[in-house]
Every structure is written in C-alpha cells, then in structure tokens.
Amino acid sequence: MNVDFEQINKSFISSFTRKKVHAVIDLNLSVKSGEIFGIVGPNGAGKSTLLKMVLGFIKYDSGSISIAGKSPMEPETRINMGYLPENPYYYDHLSAEDLMKFSATTSGMNKKNIQPSIDHLLKIMNLEHARKRHLRTYSKGMTQRAGICFALVHDPDLIIFDEPMSGLDPLGRKLVVDLVLDLKEKGKTIIFCSHILNDIERLCDRIAIMDKGRLKKMLNREQFFSEQDKNIKKGTSWLEKIFIDTVENRVEQ
Amino acid sequence: MNRILALSWLTFKEGIRDRALMGICIIGLVMLFATIIFTGVFGYDLGKVLVDLNLSTIAFAGLLLTFFVNINLMAKDIDKRTIYCVLSKPLSRTEYIIGKYLGLILLVFIALFILLMVSSGIIWFVKSFYAQIYFKNFSWACFLQACFYEILMFFVLNAVVIFFSSISTSSFLVLLFTIATYITGQTIEEVMQFFKKEAMAEQLPQINQWIIDIAQYIFPNFSAFDIKTLASHGKFLPMEHTMALIGYSAIYTILLLFFASLIFNKREIT
Amino acid sequence: MVRALKVYTLLFVCIFCYGIFHFQLKQERQIFLEHNFMDYTLPSQFTGPVSLEFKGLVSDFLLFKFMAFMGGRIEDISKNDPRYQDYTYQSLNAITDLDPYYWDAYLFSEMFLAWSGRAQDANKILEKARKYRENDYYPPYYIGFNYYYFLKDNKKASKYLMEASKLPGCPYYIASLAARLSLYSFQHRNGIVFLKEMLKNTKDKKAKKEFELRIATLEILEYLENKVTLYHSVYKKYPESLKKLVTSGLIDKIPDDPYKGKFMIMQNGRVYTTSKMLPY
C-alpha cells in the first residue's frame, strides 16, 4: 500500500491564546508499498499529527493524502490499516481477547479466521497467560503488547506504529523487532515513529527527519552504510549525529 | 451494521463490568427491599406507597447509572484516548455515535430490567402479606406502563449524554450539562404553566411568550415521562398517549444523535 | 506487650468517652427537639418543581413526616395551639398538591382538621380529592358531613351527600341522611356512624385509637342526651344541669370525658363537652 502526502499543511488554534500553531508545513512524502518507513524528530515535530491525519482523526488544511488511492477520510480506507497509538490506553474492564475480537469483527474478518488469528498473535506477543484478564491489571509493557495485537489481528497491509517501543523491556523489544521483520517479509507497509534512534536505525528502509512541522532530511539504506563508514566518534551512532546536526541547524537559522 | 453492533457490545461489556454499576445495583436492591418495611408504616393507600417507592427507586438507579457510569463511558473515551482504538477501525464518526448510544441504552435497559424484576417480586410479596383492601387501586398494567415510560425517558436522556459528549471534551462538563438538561426537562412544563398564568394576569410582553415557546421546543419534556403518581393510583394511560410519547422520544433522540454526529464529524480528535 | 497494652487502654478510654458524649448529645438533642420541634412545610409551588420526577416519593415522605409529628403529639391533648393546625393544613395541602390522588392525606385532613374545628380548611383540601378522585364517594361524603356536622349548613351538606350517594359503592344510609337533612337537626348517632366507617378503613394504630376515643365520647354524649330526653318526658322540662340526672336517679354519676373536658347541658336539652374533642 502506497501512502502519498502532497503539500500537507496543518495548523491548530490554541484554545487559550487564540494563536495559530503550525503543526505540519508543506510536507511532501511518499511511502512505498512493502517498506518500513521511519519518522524521527524531537517532541512537537508533528510526527503524531502526521500519523493522525493518515488515520483520519485530524483533517489537514490543504494538500492531499492518498492511501492506495483512497482518502483517509473514508472509513473503508481503514479496513486494511492497523494503528498503535502513542501511550495506548484501552478500556479498563475488557480483556485483550475482547479487544481483538472487536478489532477483527469491525474489519470485516471472516468469523472462522478470527479465533486462530487471535491465538496466534497472543502467543507471539507472549500474552497468552493474560488473555482473559482485564486490561486494568496489565503493566505498561503488557498494554503496549496488547495494543500491537489489537493493531495486527485483522492482518492489515498498512501498519502505523506510534512509539511501539516505549515501556517495553529488552525482551519485549526483541519481540517487536522480530515481529516487524516478519511483517516486512510478508510484504506489509509499516510506518514507524520513534524517539529511539537505535530501533529506527536497525529496522527502517527509509528515514524521514522532521522538525517544527517540516521535513528536514530523507535517508535511505544505502546512505546508512556509506555514512556508517565515516562514523566519526566512537559511542555515537551516525543517525544520532545526523539527527542532532539537523535539529541544531534550526537554532542557527 | 455489524460494526455498530460490535461497538455497542464493546461499550456494554465495558459498562457492565464497571464496579460503579455493581454499587448502583446494590443500592437499588437495598432500597427495593427497604420498601417492604416502609410500606408497612403507612395507613391506608399501601399500594400507592409501594408503587411510589419502587418506581422511584428504579428511576433513581437509572439516573445514577446515566450520570455516573454512562457519562464516564462516553467521556472517558475522549479523555483517556480510548477512542483511538475504535476510530482506527473502519468506523465512521456517525457509526461511532450510534454504536455508543446503543451500547449505553442496552446497559440502562438491562440494569433497569433486573431491578424491575426484583421490584415486581417485592410487590407481589408485599401484596400477599397485607389485606387486599389496601391495594384496591393497584394494577400491574399501570406499574409496567410507568416502568416503560421511565425506560423511555432514559433512552432520551442518554441521547442527551451523547450530544453533550460530542461537544465537550471534559466528562465533568458533560455531567453538568446533562444534569442541567434533566432538571430543566423535568420542571419546564410546570414553570411554563406558572408563567402562562402570570402572563394572563399581568400581560407579560410578547417576547417572553416567545422565549417560553422556544425553550419548550429545545428542551425535552421529561415530565411527560413521569407517570409514577398516576400509576400508583392505578390510572392507565390510553394507548394513544403512549404512542404519542414513543413518537416524541424517538424523533427527539434521532435529532439529538443527528446533531451529535454532525458536530462529531467536524471535530478533531487530538 | 506494654506498648500494646497502652494502645488498647487508650482505645478503650476513647471508646468510653465517645459513649458518654454520644449519650449526652442524644439527650441534648432530645430536649432541643422537644422545645423547637415546630414543623413547617414548604409550599407546593416550591416543592413541586424541586422534587423533579419524584413527586410521589416526596409526598410519601412529607406524609411520613406529618405522621411522625402527629404521632408524637396525639397524646398531647391539652394543647389547643392553632399553629399545630396551621402546620397540618400546610402539609396536607402541599402533599395533595404533589399527589392529588393521595387518599391517606385526605383521610388525615378529615381526621385532624375537621375534627379540631377547622372544617373549612378540611373542605378546601377535600375539594381537591373530589376533583381528582372522580369515582370515589368519600370526598363528597366527607365534605357533606363536615357541612352538616361542623358547619351546620344543611343545604350545602345535602347537595354533597346527594352527590356522594350517586357514586358507586356508597352505603344506602348516606342517601337517606341526605334526604332527612332538612327535617332533622344533627344527631350524635350520625357522627358515630361516620367515625365507625373511617375506623373500618384505617390501619394506622394511632389513628385508630383516636377514632375509638371519639366514638366513645360521642356514645357518652348520645347516652346523656337520651337520658335528658327521658327526663324531659317525665318532668316536662329540661334539667338545668347534668347533676339533676343523677339526683333524679336516671344515671349513677356523670361520666368522665375521655378528652378531659366537662359535659354541659344547653338550654335546648343538647349535651356538649367543654373539651370539644380537640386532641391538641
């Protein structure tokens, strides 16, 4: 599934001061089918806003977004999408299984495929023991993993992860990394947004660096390897360096 | 349709497992059992007191349920961002509104139905306990009709909850607006009657009359759903009245949900 | 061990003190309530809208409060304070505004207002009952009775009693009473019959006691009047006082008024009591 952003602009009006705040400015981007696309940027760079526009939570002011040729405002577009929000919070009194059933049913999944898919995912994400427990009793990491199960249960083609690694322990991170690689093998498109540069570096085919609503830099895998050789200091990864360089530029500007 | 039902079921499940609901049901049951004692205190119209107490308990439980469980179910969705997990599914905003509404009224219906069953049992028990002369005016049909009206009122009141949730982000404001609407709806008819009498006597300016008329169109007339007093005296309302009320509440609910979905479609969920 | 002992001792002392203070407060409150318990009822223009959809419940509660209030006072016969009757009128009026079908409240208004010299007020409340409880013969019957027995307005009484006699379930004697009204002046026997009818329909123990007391008094009055009539037929004149009945051997002694009043004889040979059968 291709996702194309064309000249996207979005501003919010802050409710208190009535000032216009530009969240995304003149953004052009295209995510190709089957790639893992990473978005990095400091807090308030507009990453989450961008993802929320893809899901139709927020309307953009101008420009256009097309998801495999469809508008994000059409509910049907989301049939083949999976979303993991930042700091996911789900209904207190439901179990992971209830949530996944809801996710599968609303996506129009065939009834007899639902249960095997749930069992499979819960096993992968190591939540089988807690499938009937209420989400209120879950730890942060478990909630995060349940969120991933929720996003993936209907086997979507486009997967959007907003900070999938936050709150996970090293074991959980490994689970997610393996899962993402597995999904890539299956030819899914993944948009991935994170503060943790290390994960992005490891997984993504292409990386976009955003700051203050603007797209600052695009990097692809070939560039990684060439840049990696020129790694200047020990103990700093190249992406971190590029990231800091890009972001610090704005101060000088 | 499948998606709407899935959402209603989700909402219902979340609500039914809420401990607040358990608390409300326990309070309701305790109050219902307390009616057994209280009825004995009165002298003559035992049937009236019994029906009064039972219906009031059911209404009270319904109000608690709507104000504290249902508003929470609606507002928490936006407050705590649980709405993301619903709207990331292929549901339109309108489907979301309808699904949520159905979930809420299912919850109210089930809870009140359980209380109604218990209360019927209690009435049957108390009736067999005292001489029939004290229950001259009692009629099951009237009792059930009053319950039906009450449940109908909660259908409308929950649409009010949905409407205000679509406007406001804070659950407290939703609670405040809903309670205000409820009180206004319950008293508006009486206040209007009073004003009309005043207007006749003192010739209030025309504009007041208009404001009064407009207010009556805007706010739901909840006092029309309250036939507890009549029911306790065994007065059955004709079918035409019931049909008129069903029509009124249905159209009012649909309008509220319509406006709610209009507003909600415009809204950005951040 | 010592520490635990200290803690428990302290706890015990606290509980003990609490017991003392609680008892003291209870006594103080009791005194306070006895001195200041003059109840008032908010007018129904206010309570109506405020009680939302719980008007029936509020009317039950107000009646309960009224009964609790009266329950404490009903033995307090000697007081004849109009404030009590004002309260009675206010609360019963408010209760019947909230629930205009509520028979208990109408029954009380007949019981407590009409029989303590406020028949006019009782009739005002009962008019509501007559309006709302269409097929009930009691309201016009009570109103008619009040006109006849307390207000001595036979014309109006006859009108209401006629109305009552046409409603379903009305005992035959009401029709005959209505018919005879213009011919006869009022009789204690009618009051007795009326009270017995009320007694039959009530479950409240206090009210029952009150009714029985009144019936007993009326029966004494009737008995005395019968003796006076007998005296008249023998001596061709009415006795100047009830003592004459004793001296002439018609009765053994003048009976006691259950309401602690004194029985008196009037010029026309009728017997009354100075207590007027007022419970207050």
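A helix here is a DSSP run of H or I at least four residues long, and helices are numbered from the N terminus. The model on screen is predicted.

**Stop 1: C:K55**

Select C:K55. This residue sits in helix α3 of chain C, which covers residues 55–73. Is C:K55 buried or exposed? Its relative accessible area is 14%, and buried means under 20%, so C:K55 counts as buried.

Now show the side chain of C:K55. It reaches the backbone oxygen of C:L52 at a distance of 2.7 Å. Setting aside residues up to four places away in sequence, C:K55 touches B:E190, C:G48 and C:L98. Keep B:E190 and C:L98 selected for the next stop.

**Stop 2: the largest pocket**

Which residues lie nearest the centre of the largest pocket? They are B:E189, B:E190, C:K55, C:D97 and C:L98. The full lining has 30 residues. Colour these elements, each of which gives two or more residues to the lining: α7 (171–202) and α9 (228–232) in chain B, and α2 (44–50), α4 (82–98) and α6 (119–132) in chain C. The most comes from α7(B), with eight residues.

The volume of the largest pocket is about 1,100 Å³. Colouring its lining by class gives 11 nonpolar, nine polar and 10 charged residues.

**Stop 3: B:Y182 and the largest nonpolar core**

Select B:Y182 next. Within chain B, and leaving out neighbours up to four places away in sequence, B:Y182 is in contact with B:L63, B:F67, B:M153, B:L157 and B:F222. Across in chain C, its contacts are C:L52, C:E53 and C:F54.

B:Y182 also belongs to the largest nonpolar core, which has 228 residues. B:Y182 is among the residues with the most contacts inside this core, together with A:F5, A:L50, A:I160, C:L63, C:Y141 and C:Y142. Which helix supplies the largest share of the core? Helix α3 of chain B, residues 46–79, supplies 18 residues.

**Stop 4: the chains as a set**

Zoom out and colour by chain. Two pairs of chains are in contact, and chains A and B share the most contacts. Chains A and C do not touch: the nearest C-alpha atoms of the two are 33 Å apart.

**Stop 5: chain C as a whole**

Hide chains A and B. Chain C has 12 helices and two strands. Along its sequence, the helices are followed by the strands, in the pattern α-α-α-α-α-α-α-α-α-α-α-α-β-β. Chain C has 280 residues, of which 48% count as buried. Of the contacts in chain C with a separation of 6 or more, 62% are between residues 24 or more positions apart.

Now select C:K155, in helix α8 of chain C (residues 154–166). Exposed means over 50% relative accessible area, so C:K155, at 74%, counts as exposed. Add C:G144 to the selection: it is 11 residues from C:K155 in sequence, and their C-alpha atoms are 9.4 Å apart in space.

**Stop 6: two backbone angles in chain A**

Bring chain A back and select A:D26. A:D26 is not a glycine, yet its phi is positive, at about 40°. This residue lies in strand β2 of chain A, residues 20–31. With a relative accessibility of 40%, A:D26 counts as partly exposed.

Last, select A:N87. Where is A:N87 found in chain A? It is in the loop between β5 (81–84) and α2 (96–106). A:N87 is another residue other than glycine with a positive phi, near 45°.

Conventions:
Residues numbered from 1 in each chain as written. Chains lettered and ligands numbered in written order. Predicted model: local features only at pLDDT ≥ 70, side-chain atom pairs only at ≥ 80, totals over all residues. Heavy atoms only, no water. 1 Å grid on protein atoms, 1.4 Å probe; cavity = no way out; pocket = protein on both sides within 12 Å on 5 of 7 lines; lining within 4 Å. Points joined across faces, edges and corners; volume = space filled by probe spheres on them. Nonpolar A, V, L, I, M, F, W, Y, C, P; charged D, E, K, R; others polar. Core = buried A, V, L, I, M, F, W, Y, C linked by side-chain atoms within 4.5 Å. Buried < 20%, exposed > 50% of the residue type's maximum accessible area, 1.4 Å probe, protein only. Contact = heavy atoms within 4.5 Å. Polar contact = N/O pair within 3.5 Å; in protein donor to acceptor, adjacent residues only side chain to side chain.
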